[in-house]
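Welcome! Here is a short guided tour for anyone meeting this structure for the first time. Please keep the picture beside you as you read.

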Amino acid sequence: MDEAKDDLAFKGVAERLTLGIIRILENMPGVADVRFAEREPADKRSLLSWEQRNTCILPEDLRDFYLTTDGFTLNWSVKLDNESVPLGSMTVNSVSRLSPLVQPVSLFSLPNAPSLSDLDWDDNTGGAVSPPHFDSRSRVFELDSCGGNGKVCLVYNNCSPGVVAQSSEVWFLDRSLCWHFLSSSFTSFYRLMITHLGLPEWEYNYTPYGPSPEARQWASLYQPLIFEDPEDPPADPPLNHLDPSRAFRTKAKTPPKKKSSAQSGAAGGARAGRGAAAGGGVKR
């Protein structure tokens, strides 16, 4: 009896954490093996220890998230030729794995060895948000490794040595080490991850070049849960929609041009003249 209650309690927590995405995925055609990893809440002592060690204050929504579950993992697969192929992945690192992206310089490293800070420069593009830096001006922590396709990071900008950082944002670092803004809060990023179903390279939708062709094909099969107003449908049809009247339209034949009355009268007079000349020739 107690096990049944615990199971129901876990399902209720999982339903709230995943915003009902598990049931949606299980009802999608071809989707199989939806797995959500159950994790215990993080204790307040570990959160306080992380803040003291990194001289940063966790945002309130991320703190509440960790007090509910110490990290988040939801994976799902698809059936291809009777085989289960992993496809979607949603991950938020635990507190212990919320580690700095730029590790401190070791005493045993070479004095002139290159580092990520060598790639940094001041690029005053005049945008609404300034990109993070790889030096001490920013404190960057990894939220998700994105399966090797980049890194989603919790970023504290405009930092000063010895001063506690409080304001944070969520950015995406692609494989070319370029920064792309995702959201101003962890809650907004979490919703983005859920609505994109954890599809491969979904973070690249917020870059100028977008995801790879293979990722685009998967996205065309399993569209992200982007809700639209039914009274305001999109102007363009979806990419996988086939309209036979357009796709198989034959080239229309051009009808012959109608002659004007002046042209037809002139043509009749010319024919009559040729007939009279021919008749005169016969009589001679």
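## Two helices that cross

Helix α3 (residues 44–54) and helix α4 (residues 60–68) have axes that come within 10 Å and cross at roughly 140°. That angle makes α3 oblique to α4. The crossing in which α3 passes α4 is right-handed. Before going further, please bear in mind that this is a predicted model.

Which residues meet where α3 and α4 touch? On the α3 side they are Lys44, Leu47 and Glu51, and on the α4 side Arg63, Tyr66 and Leu67. Sorted by class, this contact has three nonpolar residues, three charged residues and no polar ones.

## From α4 to α5

Helix α4 also meets helix α5 (residues 186–195): the axes of α4 and α5 come within 8 Å and cross at roughly 60°. As a result of that angle, α4 is oblique to α5. Asp61, Leu62 and Phe65 of α4 make the contact, together with Phe186, Thr187 and Tyr190 of α5. By class, the contact of α4 with α5 has four nonpolar residues, one polar and one charged.

In general, the angle between the axes and the distance between the axes are what describe two packed helices. Helix α5 also leads us to the strands, since it lies across β4, β5, β6 and β7. Relative to β7, α5 runs at about 95°.

## The four-stranded sheet

Now for the strands themselves. Four of them form an open sheet, in the order β4-β5-β6-β7, with antiparallel pairing. Which strands lie at the edges? They are β4 and β7 (179–183), and each of these pairs on one side only. On average, neighbouring strands of this sheet are turned by 40° against each other, direction ignored.

As a general point, the strands of a sheet pair through backbone hydrogen bonds, in either a parallel or an antiparallel way. Here, strand β4 (residues 139–144) runs antiparallel to β5, and five bridges join them. Five bridges also join β5 to β6, again antiparallel. Between β6 and β7, which run antiparallel, there are four bridges. One of the residue pairs to look for here is Leu173 with its bridge partner Trp179 in β7.

## Following strand β5

Strand β5 covers residues 151–156. A good residue to start from is Cys153 in β5, the bridge partner of Glu142. Cys153 also stands opposite Trp171 in β6. Between β4 and β5 there are six residues, and the two strands form a hairpin. In the turn of that hairpin, Cys146 has a positive phi of about 55°.

How many residues of β5 are buried? Five of the six are, so β5 is largely enclosed by the rest of the structure. For β4 the count is six of six, so β4 too is largely enclosed by the rest of the structure.

## Leu154, inside the strand

Leu154 is found in strand β5. Is Leu154 buried or exposed? Its relative accessible area is 1%, so Leu154 is buried, the cut-off for that being under 20%.

Leu154 and Leu143 are eleven residues apart in sequence, and their C-alpha atoms are 6.4 Å apart in space. Leaving aside neighbours within four places in sequence, Leu154 is in contact with Arg139, Val140, Phe141 and Leu143, and also with Pro59, Leu62, Ser168 and Glu169. Leu62 in this list is a residue you have already met, in the contact of α4 with α5.

## Ser168, in the loop

Where is Ser168? It sits in the loop between β5 (151–156) and β6 (169–173). Ser168 is buried as well, because its relative accessible area is 13%.

Not counting residues up to four places away in sequence, Ser168 touches Leu154, Val155 and Tyr156, along with Pro59 and Ser184. Pro59 is worth finding in the picture: Ser168 touches it, and Leu154 is in contact with Pro59 too.

Key. Residues are numbered from 1 along each chain as its sequence is written. This is a predicted model: local features need pLDDT of at least 70, side-chain atom pairs count only at pLDDT 80 or more; totals for chains, interfaces and linings use all residues. Side-chain values use heavy atoms; hydrogens and water are left out. Buried means under 20% relative accessible area, exposed over 50%, partly exposed in between (1.4 Å probe, protein chains only). Contact means heavy atoms within 4.5 Å. Two strands pair if DSSP finds at least two bridges between them. Axes are lines fitted to C-alpha atoms, for helices over the stretch in contact, and angles run from 0 to 180 degrees between N-to-C directions. Angles under 35 degrees count as roughly parallel, over 145 as roughly antiparallel, 65 to 115 as roughly perpendicular and the rest as oblique. A crossing is left-handed if the near helix is turned anticlockwise from the far one by less than a right angle, and right-handed if clockwise. Ala, Val, Leu, Ile, Met, Phe, Trp, Tyr, Cys and Pro count as nonpolar, Asp, Glu, Lys and Arg as charged, and the others, Gly among them, as polar.
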